[in-house]
Amino acid sequence: VLKMFPPSYNRDIYIKWHENEFEVGSNLLKSLNEFQEKVTDYFFLFFKKTQLSTLLQFINEVLRISEIRRNNITYSIHPDIPTNKTLFKQKYLKQHDSIVNKFWRKNKEILNIKTDNFDMKLKDLIRFSIKVDSLTSAETIAKVLSDKELLIKHSKDCKEYFENELEKIEIDNEMKMSSGYFAYHCYFYFKQSFIVEIQIFSELSNFWRKMSHKIYDKVRLQDSQIYKFNDVNSRMISIGHLLYLAECELASIEKEMEDKC
C-alpha cells in the first residue's frame, strides 16, 4: 500500500515519495537528465543540420501557404532561436523543477506519470511559441497545420518531412477559462517518439502572457488558490478575458468591414 501522496508541493519530498513509494527503484532526476540529453542530441547536436532547424524550415514553409499568405499574417518565433546546446536546453526545454511539479500535479489527479512514460504524457517538455498579429491569425495557422493533406500537397519539402520525420500534428485550441489564457497549441509528434509543443498566440496577449507566467510560477506551487477582491491574480485573469473579448470584437469588425467593401 502506498504511503500518503504529498498533499502540498515540495520538490524534494515529492521526489522521495515517487522513488520510494510509487515507482520503487527509479531515479527521477537521472531520467530527466537522460531525456534532456537525448532530446538535445536529436534536435540540436549540430545546429545547421539538426531537427530544430529542419522543423523551423518546415514551419516557415507552411506559413507560405496561400491560405496564410492572403491574410498578410505577420509572425515571429519566440524565444529567439538558440545558438548553442546550453541555450537550447534553457529556452526550448522545460526545466527540471517545473517537470517535477507537473509530476506532482498530474499524479495527484491520477497516478500514471512515470519515468518510462512522462515523455509522451507530458506534451510540453519541448516547446516554443509563434507570435502573430491576432488570435484570428493564430486560428488560421492552426487550421492549416491540422490539414495534413493540404500540407503534403503544398510542397515536396512538406511531403518529405511527414514521410521522414513526423507521425502527425495535433491542434488544441487552448481555452483556460479559469486563468484567462487563450491560444492555440500545436503538437508535433515525431517518429523518434518526441513531441514538440508550439504555442501560437497574438500580439495583443503578448505582455499579458509574460506577466501571467510570473504569477503562475508562484501559484502552481500552492495546493489551492483563494482569490481576493482586487488581488493581482484575479485582476490578471480578468484582463485575460477582456483581451479575449477584444480579439473577438476586432475579428468581427474586420469581417464586417470586408463584407461592406
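Contact here means heavy atoms within 4.5 Å. Keep that in mind as you click around, and remember that this is a predicted model.

**Stop 1: Val 24 and the first helix pair**

Select Val 24, in the loop between H1 and H2. Is Val 24 buried or exposed? Exposed means over 50% relative accessible area, so Val 24, at 66%, is exposed. Leaving out residues up to four places away in sequence, Val 24 touches His 18 and Glu 19. Now add Asn 107: along the chain it sits 83 residues from Val 24, and the two C-alpha atoms are 15 Å apart.

Asn 107 is a handy lead into the next view, since it is one of the H6 residues that meet H1. Show helix H1 (residues 11–22) together with helix H6 (residues 96–109). Two packed helices are described by the angle between their axes and the distance between the axes. For H1 and H6, the axes come within 10 Å and cross at roughly 60°. That makes the pair oblique to each other, and the crossing is left-handed.

Turn on side chains for the contact. From H1, pick Arg 11, Tyr 14, Ile 15, His 18 and Phe 22; from H6, pick Asp 97, Val 100, Phe 103, Trp 104 and Asn 107. Colour them by type and you should get six nonpolar, two polar and two charged residues. His 18 has now turned up twice: as a contact of Val 24 and on the H1 side of this pairing.

**Stop 2: a second helix pair**

Next, bring up helix H2 (residues 28–44) and helix H5 (residues 85–92). How do these two pack? The angle is about 115°, with the axes 10 Å apart. H2 and H5 are therefore roughly perpendicular to each other, and their crossing is right-handed.

For the side chains, select Glu 37, Val 39, Thr 40, Asp 41, Phe 43 and Phe 44 in H2, then Lys 85, Phe 88 and Lys 89 in H5. The contact residues split into four nonpolar, one polar and four charged.

**Stop 3: backbone oddities**

Time to hide the side chains and look at the backbone. Most residues other than glycine have a negative phi, and most peptide bonds are trans. Here are some spots that go the other way.

- Asn 72 sits in the loop between helix H4 (66–69) and S1. It has a positive phi of about 50° without being a glycine, and it is exposed, with a relative accessible area of 62%.
- Pro 79 is in the loop between strand S1 (75–78) and H5. Check the peptide bond leading into it from His 78: that bond is cis, with omega near -10°.
- Ser 193 belongs to the loop between strand S4 (181–190) and strand S5 (195–202). Its phi is positive too, about 65°, and it is not a glycine either. With 41% relative accessibility, Ser 193 counts as partly exposed.

**Stop 4: Ser 134 and helix H8**

Jump to Ser 134, in the loop between strand S2 (127–132) and helix H8 (135–145). This serine is buried, with a relative accessible area of 19%. What does Ser 134 touch beyond four places away in sequence? Ser 202 and Glu 247. Zoom in on the side chain as well: one of its polar atoms lies 3.1 Å from the backbone nitrogen of Ser 137.

Ser 137 is itself one of the buried residues of H8. Select the whole helix and you will find it mostly covered, with eight of its 11 residues buried. Those are Leu 135, Ser 137, Ala 138, Thr 140, Ile 141, Ala 142, Val 144 and Leu 145.

**Stop 5: Lys 168 on a strand**

Finish at Lys 168, in strand S3 (residues 166–176). Lys 168 is partly exposed, at 36% relative accessible area. Which side chain does Lys 168 reach in a polar contact? Glu 170, at 3.0 Å. Setting aside neighbours within four places in sequence, Lys 168 is in contact with Phe 162, Tyr 187, Phe 188 and Tyr 189.

For a last distance check, select Lys 260. From Lys 168 it is 92 residues along the sequence and 39 Å in space, C-alpha to C-alpha.

Technical notes
Residues numbered from 1 in each chain as written. Predicted model: local features only at pLDDT ≥ 70, side-chain atom pairs only at ≥ 80, totals over all residues. Heavy atoms only, no water. Axes fitted to C-alpha atoms, helices over the stretch in contact; angles between N-to-C directions. Helix = DSSP H or I, 4+ residues; strand = E, 2+ residues; numbered from the N terminus. Parallel < 35°, antiparallel > 145°, perpendicular 65-115°, else oblique. Left-handed = near helix turned anticlockwise from the far one by under 90°. Nonpolar A, V, L, I, M, F, W, Y, C, P; charged D, E, K, R; others polar. Buried < 20%, exposed > 50% of the residue type's maximum accessible area, 1.4 Å probe, protein only. Polar contact = N/O pair within 3.5 Å; in protein donor to acceptor, adjacent residues only side chain to side chain.
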